[in-house]
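Biologist: I am new to this structure and would love a guided tour. Could you take a close look at the charged side chains that pair up, and then show me what lies around them?

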Amino acid sequence: MNVTDAASLASTRPAGSAGPAGKAGPRKYLIGGNWKCNGTLTEGIERMKVFNEAGPIPENVEVVLCVPHPHLFLGLSMLRSDIAVGAQDCGVNASNGAYTGEVGSHQLKDLGCAWVIIGHSERRQGFGMAGEPEKLCADKCKVALDNGLKVMFAIGEKKEERESGVTMDVCAKQLEPLAKLLKPEEWANVAIAYEPVWAIGTGLTATPEMAQETHANIRKWVSANVSESVANAVRIQYGGSMKGANAEGLLSQPDIDGGLIGGASLKADFFNVINGIPK
């Protein structure tokens, strides 16, 4: 393999295949996979082979796979070309510098990545380290957009916050710094990933009706705090243990525009989610 830039790297990827579009909705569906910190090199290769052979993707579905940083080169060289490759986080730094251990969004863009996840609850809460506050998540998003990436911006409440009835207060607090930073036109490259923390990796899932209620409230908030046109256009993904078995019910809701998929994106079941859109 003679790789000199992102274009030569991408040229090695096999073609995908488009299937018939599902039922038309107000926005194109966005299904994102998040492998988190999972997999050896060999396991990553095997998973990508499964996806490459998984059949067509409906024309009205955009698919992104966000893999661990060590596997980005793998995805950008061997994953089918109709699945975009993204990262799970990036630094707040806009360019090169003395940021030991950090990966800059400018580097991800140069490599050929299209998307990055910002603000996942696991990073907001921290794991053996301090969690990332709302302003830092918003700043990271702005820098990533400025460097040409698209962003899945994750928000969501904990179980005790849901039970206390403050779900939208929590979501609004996480969105407010971003709304202050971004120009209306920049929202075209942002998707909001609503992930109730209590449902991530627990097997618990909000009912389609519960998820729809929160998605609708998030859209109303965007309308009031950004603009009505942005609210009508922005895609809001659901990310609380969505899998093939429950995708159809969730994706049938009018304000659920896709999913950010964790565990199911490590398996062939990821394509059951992709094909769970309304027909």
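Modeller: Let's begin with Glu186, which is buried, with a relative accessible area of 14%. Please keep in mind throughout that this is a predicted model. The partner of Glu186 is Lys142, and their side chains meet in a salt bridge with N and O 2.6 Å apart. Glu186 sits in the loop between helix H8 (167-181) and strand S8 (190-194), while Lys142 belongs to helix H6 (residues 134-146), so this pair ties together parts that are 44 residues apart in sequence. Is Lys142 buried or exposed? Lys142 has 19% relative accessibility and therefore counts as buried, because the limit for that word is under 20%.

Not every charged group here works as a simple pair. Arg27, Arg219, Asp255 and Asp257 are joined into one network by salt bridges that share partners. In total, the count comes to 16 salt bridges.

For a pair within a single helix, turn to Lys49 and Glu46. These two residues form a salt bridge whose closest N and O atoms are 3.7 Å apart. Both lie in helix H2 (residues 41-52), three residues apart, or about one turn of the helix. Lys49 is partly exposed at 40% relative accessibility, and Glu46 is also partly exposed, with a relative accessible area of 42%.

Asp89 and Arg123 give us another salt bridge to visit, with 3.2 Å from N to O. This pair links distant parts of the chain: Asp89 is in the loop between strand S5 (83-87) and helix H4 (105-111), Arg123 is in helix H5 (residues 121-125), and 34 residues separate them. The burial of the two partners can be set side by side: Asp89 is buried, with a relative accessible area of 8%, whereas Arg123 is partly exposed, at 21%.

What empty space can we find around this pair? Rolling a probe the size of a water molecule over the atoms shows where such space is left. Asp89 and Arg123 both help to line the largest pocket, and they are listed with His69, Gln88 and Phe127 as the residues nearest its centre. The full lining of this pocket has 28 residues, and about 560 Å³ of space lies in the pocket. Helices H5 and H6 are the elements that give two or more residues to this lining. By residue type, the lining divides into twelve nonpolar, nine polar and seven charged.

From Gln88 we can step to Asn34, since Gln88 is among the residues that Asn34 touches. Asn34 lies in strand S2 (residues 29-34) and is buried, with a relative accessible area of 5%. A polar atom of the Asn34 side chain lies 3.0 Å from the backbone nitrogen of Lys36. Beyond four places away in sequence, the contacts of Asn34 also include Cys66, His120, Leu260 and Gly262.

Gly262 leads us on to the second largest pocket. Gly262 is one of the residues nearest the centre of this pocket, together with Gly201, Ser241, Gly263 and Ala264. The pocket is lined by 20 residues and holds about 270 Å³ of space. Its lining divides into five nonpolar, ten polar and five charged residues.

There are two more stops before we finish. Asn60 lies in the loop between strand S3 (57-58) and strand S4 (61-66), and Asn60 is buried at 13% relative accessible area. Its side chain reaches the backbone oxygen of Lys23 at 3.5 Å. Lys23 is also among the residues that Asn60 touches, along with Ala21, Gly22, Lys28, Tyr29 and Ile277, leaving aside those up to four places away in sequence. The C-alpha atoms of Asn60 and Gly19 are separated by 9.1 Å, although the two residues are 41 residues apart along the chain.

Finally, Leu74 in helix H3 (residues 72-78) is buried, with a relative accessible area of 11%. Not counting residues up to four places away in sequence, Leu74 touches Leu41, Gly44, Ile45, Met48 and Leu79. Leu74 and Met48 are 26 residues apart along the chain, with 8.9 Å between their C-alpha atoms.

Notes. Residues numbered from 1 in each chain as written. Predicted model: local features only at pLDDT ≥ 70, side-chain atom pairs only at ≥ 80, totals over all residues. Heavy atoms only, no water. Salt bridge = Lys/Arg side-chain N within 4 Å of Asp/Glu carboxyl O. Helix = DSSP H or I, 4+ residues; strand = E, 2+ residues; numbered from the N terminus. Buried < 20%, exposed > 50% of the residue type's maximum accessible area, 1.4 Å probe, protein only. 1 Å grid on protein atoms, 1.4 Å probe; cavity = no way out; pocket = protein on both sides within 12 Å on 5 of 7 lines; lining within 4 Å. Points joined across faces, edges and corners; volume = space filled by probe spheres on them. Nonpolar A, V, L, I, M, F, W, Y, C, P; charged D, E, K, R; others polar. Contact = heavy atoms within 4.5 Å. Polar contact = N/O pair within 3.5 Å; in protein donor to acceptor, adjacent residues only side chain to side chain.
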